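Dear colleague,

I am passing on the structure we talked about, and my notes on it follow below. Please read them with the model open beside you.

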Amino acid sequence: MTVSKHMPKPLVVFCDFDGTITDRDMIVTICERFCPPAWEKVKEEVLARRKSVRAGVAELFAMIPTSKKEEIVAYARKVVHWRAGFKEFLDFWLYLMFQYM
């Protein structure tokens, strides 16, 4: 879709799974199940701001073998609890998207 100066800019919504759209941080949920015990130290370093979130998350995910990907995705889909109102939020944005198409 080409945007001209006469058309409104496309709407964009960024969401993540760190407790913003879910009741519980999914990174923590996944690490509790799939990371070795050393993940707790990394989590504490991030929470204490001795390590950036980016570096900490990269370190945490490096602890999980890629062979576990399918198992992790299935587990996340099974245990995720969406924050109240998230479905309505999505419905609202879908409505807006179709208004501009």
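**Helix H2 and its surroundings**

What covers the buried residues of helix H2 includes H1 and helix H3 (53-62). Please keep in mind throughout that this is a predicted model, and that the values I quote are computed from it.

The buried residues in question, within H2 (residues 39-47), are Trp-39, Val-42, Glu-45 and Val-46. Looking down the axis of H2, one finds these buried residues within an arc of 120°, so they line one face of the helix. The other side of H2 has Lys-41 and Leu-47 as exposed residues. Just beyond the end of H2, Arg-49 adopts a positive phi of about 65°.

One of the buried residues of H2 carries a charge partner, and this pair may deserve your attention when you inspect the model. The side chain of Glu-45 meets that of Lys-51 in a salt bridge, with 2.9 Å from N to O. Glu-45 has a relative accessibility of 18% and therefore counts as buried, the cut-off for that class being under 20%. Lys-51, at 21% relative accessibility, counts as partly exposed.

A second set of charged residues can be followed in the same part of the sequence listing. Glu-40, Lys-43 and Glu-44 are linked in a network of salt bridges, and within that network the side chains of Glu-44 and Lys-43 meet at 4.0 Å, N to O. Both of these residues are partly exposed, Glu-44 with a relative accessible area of 41% and Lys-43 at 23% relative accessibility.

**The protein as a whole**

Stepping back from H2, the protein has 5 helices and 0 strands, and its elements run α-α-α-α-α from the N terminus on. Of its 101 residues, 23% count as buried. The accessible surface comes to about 8,100 Å², and 60% of that surface belongs to carbon and sulfur atoms. If one takes the contacts between residues at least 6 apart in sequence, 63% of them join residues at least 24 apart. A search of the whole structure for salt bridges finds 7.

**Helix H4**

Which residues of helix H4 (residues 69-79) are buried? They are Ile-72, Tyr-75 and Ala-76. Seen along the axis of H4, the buried residues fall within an arc of 100°, so they too line one face of their helix. These buried residues pack against H1, the helix that is also among the elements covering the buried residues of H2. On the face of H4 that is turned away from the buried side, the exposed residues are Glu-70, Arg-77 and Lys-78.

**The segment before H1**

Thr-22 is placed in the segment before helix H1 (26-34), and with a relative accessibility of 0% this residue counts as buried. A polar atom of the Thr-22 side chain lies 2.7 Å from the backbone oxygen of Arg-24.

**Helix H5 and a nonpolar patch**

In helix H5, the side chains of Asp-91 and Lys-87 meet in a salt bridge of 2.8 Å, N to O. As the two residues are 4 apart in H5, about one helical turn separates Asp-91 from Lys-87. Asp-91, at 36% relative accessibility, counts as partly exposed, whereas Lys-87 is exposed, with a relative accessible area of 55%. As general background, side chains of opposite charge can pair when their charged atoms come close.

The last feature I would point out involves H5 as well. Phe-89 has its place in H5 (residues 86-99), and at 32% relative accessibility this residue counts as partly exposed. Together with Val-13 and Leu-90, Phe-89 forms a nonpolar patch on the surface, and the three have about 210 Å² of accessible area together.

With best regards

Methods
Residues are numbered from 1 along each chain as its sequence is written. This is a predicted model: local features need pLDDT of at least 70, side-chain atom pairs count only at pLDDT 80 or more; totals for chains, interfaces and linings use all residues. Side-chain values use heavy atoms; hydrogens and water are left out. Patches are made of residues with over 30% relative accessible area and no salt bridge: like charges are joined within 9 Å, nonpolar side chains (Val, Leu, Ile, Met, Phe, Trp, Tyr) within 5 Å. Accessible areas come from the Shrake-Rupley method with a 1.4 Å probe; for residues, only the protein chains shown count as cover. Buried means under 20% relative accessible area, exposed over 50%, partly exposed in between (1.4 Å probe, protein chains only). A polar contact is a pair of N or O atoms within 3.5 Å; within protein, one must be able to donate a hydrogen and the other to accept it, and residues adjacent in sequence count only if both atoms are side-chain atoms. The arc is that of the directions from the helix axis to the C-beta atoms. Contact means heavy atoms within 4.5 Å.
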